[in-house]
Structure formats: C-alpha cells, structure tokens
Amino acid sequence: MELGYFAMPSHPPECGLKEGHDWDLQVLRWLDELGYQEAWIGEHHTAPWEPHPSPDLLIAQALLQTKNIRIGPGGFLLPYHHPAELANRVAMLDHLSNGRLNFGVAASGLPSDWAMFNVDGMSGQNRDMTREALEIILKMWTEPAPWTHKGKFWTVTKPDTMFDFLKPHIKPQQAPHPPIGVAGLSKNSDTLKLAGERGFIPMSLNLNPAYVGSHWDSVEAGAAKTGRTPSREDWRMVREVFVAETDEEAWKLSTGDMMGRMMGEYFLPLLGHFGFKDYLKASPDMPDSDVTVEYCARNNWIVGSPATVTEKIEKIYQEVGGFGVLLVFGFDYKHKPEAWHNSLRLLKQEVLPRLKHLDASVGRAA
C-alpha cells in the first residue's frame with residue numbers, strides 16, 4: 001500500500017486566499033519530505049470552504065519546491081475549460097513537472113458552480129461535457145493533424161501546417177499522456193465505470209465502506225465493456241485521517257478541531273442538501289439527524305493512535321476487498337501545524353510499515 005494526499009483544498013471562510021495557498025504549499029513540501037507518493041488538488045469556484053479555482057497555479061509552484069512527489073489536479077472541472085486550451089496547458093505543466101504530473105478530471109458537482117458557468121448539472125449536462133472534453137483533449141495529444149471535432153458542446157480543429165511553420169506542436173512529456181485519475185462518489189458510480197472502461201485511475205471519495213465496496217464493481221463493469229482487467233493496486237481511497245500518540249489526543253485534534261469544524265459547518269450540511277447523507281450511514285434506516293461529526297468520526301474516519309489507525313485501515317481494506325493507495329483528506333491546520341505534520345509522519349513511519357502484508361494485487365491480505 002502507498003500513501004498520498006487529496007486536498008479540496010479546504011480552508012475556513014475567514015482564511016485569506018494567499019494564506020490558504022501558502023499552507024497548501026507547506027503541506028506539499030512536508031509530503032515530499034516524508035515520502036508520500038502523490039497529491040491531488042481540487043478546483044472549485046463558488047465554495048468559500050473550498051476556495052481554490054486554479055489547481056495548476058498551486059501545482060506549478062509546488063513542483064518547484066518538491067523533488068519526488070507526483071502532483072496533479074484532482075481534478076480540473078472539464079465543463080468550465082475549453083478542451084484545446086486545457087490540453088495545451090496541461091501538456092506544458094507536464095513538461096514543467098519533468099514527468100511528475102498526474103491529470104485528474106471531474107464533472108463538477110456544485111449547483112452554484114453550474115449556475116456561474118451556465119451548465120445544467122441537474123440534467124447531467126456536466127457529465128456529457130466532461131466526456132466530450134476528455135475525448136478532445138486525448139485526441140489533441142495523440143492524433144496527428146489535420147482533423148476537426150464537431151461535438152455537441154465544442155468544435156475544435158487541430159490544423160495542418162500553415163505558412164510553412166505555424167502548426168500544433170505542444171504534447172505532454174509523458175507518453176502518450178500523464179496518468180489520468182477520476183473521482184467517484186455515488187453508489188454504482190458512472191464516473192468510475194468510465195475509469196474502468198478507459199483504464200484511468202479510480203478514486204473513491206470519503207464515504208462509508210459499504211458504499212465504497214460498490215465502487216470497484218463499477219470499475220469492473222466499465223472494464224468489461226472494453227476487455228480490460230483493472231488492478232486494485234490502482235484504486236485510490238480518500239479518507240479522513242488523523243494520527244496522534246494516543247486515541248484521546250487524536251479525537252480531540254480531529255473532531256474537536258478543524259476536521260470537526262469543516263465537517264459540521266460545511267460538508268455534512270452540503271451532503272444533506274444533496275440527499276447524500278445515506279452515503280455515510282452504516283444502516284440506511286438511520287435518520288439523517290444522527291449523521292453527526294461524532295458519528296462520522298467513529299464510523300468513517302480513521303482517527304487514533306498508530307495502533308488504532310492500523311487496525312481501522314486494515315478493516316476498511318478487508319471490507320472493500322483491497323486497494324492500492326490511501327489518500328489522506330486535507331484540512332487546514334495552520335494554527336496547529338506541528339499536529340498535522342505529526343499525523344502525516346506517524347501515518348508514514350509508524351502505520352504504513354504495519355500494513356506491508358496487505359497485497360492489493362490479490363485483493364486480500366497476503
């Protein structure tokens with residue numbers, strides 16, 4: 001099993017944009033120093049708790065301040081970008097990364113973002129746009145000119161050489177392109193079927209393991225359509241994690257601090273508006289009102305001492321049938337930086353060595 005990081009990035013609404021950006025950079029430097037494999041940075045436009053609209057700006061700076069960690073958008077919201085422009089921008093970012101770039105894509109799930117960009121998310125237009133945009137981006141990177149794509153949402157031409165020297169020339173450094181990741185939330189996720197179908201990296205967002213278990217079924221269903229055999233080693237699992245020297249300290253620093261505040265003030269109410277609290281319940285007949293920060297901490301989060309966290313990760317691993325990379329869900333602890341750094345350190349140095357017997361290639365304990 002490997003470790004990575006998934007940042008919305010999340011910051012409290014009173015936090016300045018640069019202040020939050022600088023905290024994210026600090027964490028990325030720590031992750032690199034500690035030997036984490038990868039980090040994914042989200043894009044949002046209308047959520048004060050998720051305030052970063054341009055993951056590539058953070059990634060470009062982070063690449064200059066790190067040496068080994070792979071970093072990528074997690075993901076670019078494809079309905080809000082012209083696919084030809086984004087194809088060129090991501091290709092350039094791949095060169096700046098010296099081949100350390102991952103390319104995460106997403107369809108966007110915030111109604112306020114849909115409204116800003118005039119996208120009809122209620123009808124699924126955002127998902128249709130995402131599929132079309134991704135098709136165009138991949139075509140830009142892999143198919144020689146000339147061609148014209150006339151789609152439902154975009155018409156894009158890759159022109160032949162003009163005036164002897166003007167021609168499309170920008171391709172990613174990684175051939176044929178950076179690894180592509182997609183995140184799924186709902187049961188029987190269509191996004192994760194796409195991951196299986198196309199051989200992309202599947203990422204399951206932080207939910208009850210009973211729901212997440214269905215995510216691998218979606219990957220396999222998609223893979224069956226194109227004759228692929230997906231590997232559980234590629235499956236990323238995003239979870240809330242806080243490790244401290246004792247269970248009591250970890251509980252206090254998580255539920256009683258920024259993790260608890262962000263979940264209580266933003267994430268749980270947001271899921272409630274979507275009717276998504278079911279995704280966090282151990283039993284579907286539970287009332288929504290019982291899905292509290294404390295309930296999530298006890299049932300879904302991975303919080304505790306190194307021994308407790310080891311046990312919880314192994315339990316989730318066995319429940320879902322195995323996965324390859326645990327992605328720590330990012331929070332803003334710039335008011336207690338040593339506690340967040342210590343949590344990341346303990347996870348890497350104390351917990352991970354105790355999980356070496358788990359082998360995702362066979363989907364069970366070896």
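The expected span of a helix is taken as 1.5 Å times one less than its number of residues. In this predicted model, helix H3 covers residues 83-96, and its 14 residues should therefore span 20 Å. The end C-alpha atoms of H3 are 20 Å apart, in agreement with that expectation.

The buried residues of H3 are Pro83, Ala84, Leu86, Ala87, Val90, Ala91, Leu93 and Asp94. In an α-helix there are 3.6 residues a turn, so residues three or four places apart point the same way. The buried residues of H3 pack against two helices, H2 (55-65) and H5 (125-142). They also pack against strands E4 (76-77), E5 (103-106) and E7 (155-158). Just after H3, the backbone at Asn98 adopts a positive phi of about 55 degrees.

The largest nonpolar core holds 117 residues, of which Ile313, Phe323, Trp340, Leu344 and Leu347 touch the most other members. Helix H9 (residues 258-274) makes the greatest contribution to this core, with 9 residues. When residues up to four places away in sequence are not counted, Ile313 is in contact with Met1, Ile302, Phe323, Leu326, Leu347, Val351 and Leu355. Phe323 and Leu347 thus appear among the contacts of Ile313 as well as among the core members with the most contacts.

Across the whole structure, 16 aromatic pairs were found. One of them joins Tyr266 and Phe267, with ring centres 6.4 Å apart; the planes lie at 50 degrees, so the pair is classed as tilted. Tyr266 has a relative accessible area of 11% and is buried, because buried means under 20%. Phe267, at 14% relative accessibility, also counts as buried. In the pair formed by Tyr333 and Trp340, the ring centres are 5.1 Å apart and the planes are at 0 degrees, so this pair is stacked. Tyr333 is buried, with a relative accessible area of 0%, and Trp340 is likewise buried at 0% relative accessibility.

These four residues belong to one aromatic cluster, formed by Phe6, Trp49, Phe242, Tyr266, Phe267, Phe329, Phe331, Tyr333 and Trp340. Trp340 therefore links two descriptions of the interior: this residue is stacked on Tyr333, and Trp340 is also among the members of the largest nonpolar core that touch the most others. A further arrangement involving an aromatic ring places Lys139 over the face of Trp147, at 4.6 Å from the ring centre.

Conventions. Residues are numbered from 1 along each chain as its sequence is written. This is a predicted model: local features need pLDDT of at least 70, side-chain atom pairs count only at pLDDT 80 or more; totals for chains, interfaces and linings use all residues. Side-chain values use heavy atoms; hydrogens and water are left out. Helices (H or I, at least four residues) and strands (E, at least two) are DSSP runs, numbered from the N terminus. Buried means under 20% relative accessible area, exposed over 50%, partly exposed in between (1.4 Å probe, protein chains only). Contact means heavy atoms within 4.5 Å. A nonpolar core is a set of buried Ala, Val, Leu, Ile, Met, Phe, Trp, Tyr and Cys residues joined through side-chain atoms within 4.5 Å. Rings of Phe, Tyr and Trp (its six-membered ring) pair if their centres lie within 6.5 Å; planes under 30 degrees apart count as stacked, over 60 as edge-to-face and the rest as tilted. A charge sits over a ring if NZ of Lys or CZ of Arg is within 6 Å of the ring centre and within 35 degrees of the ring normal.
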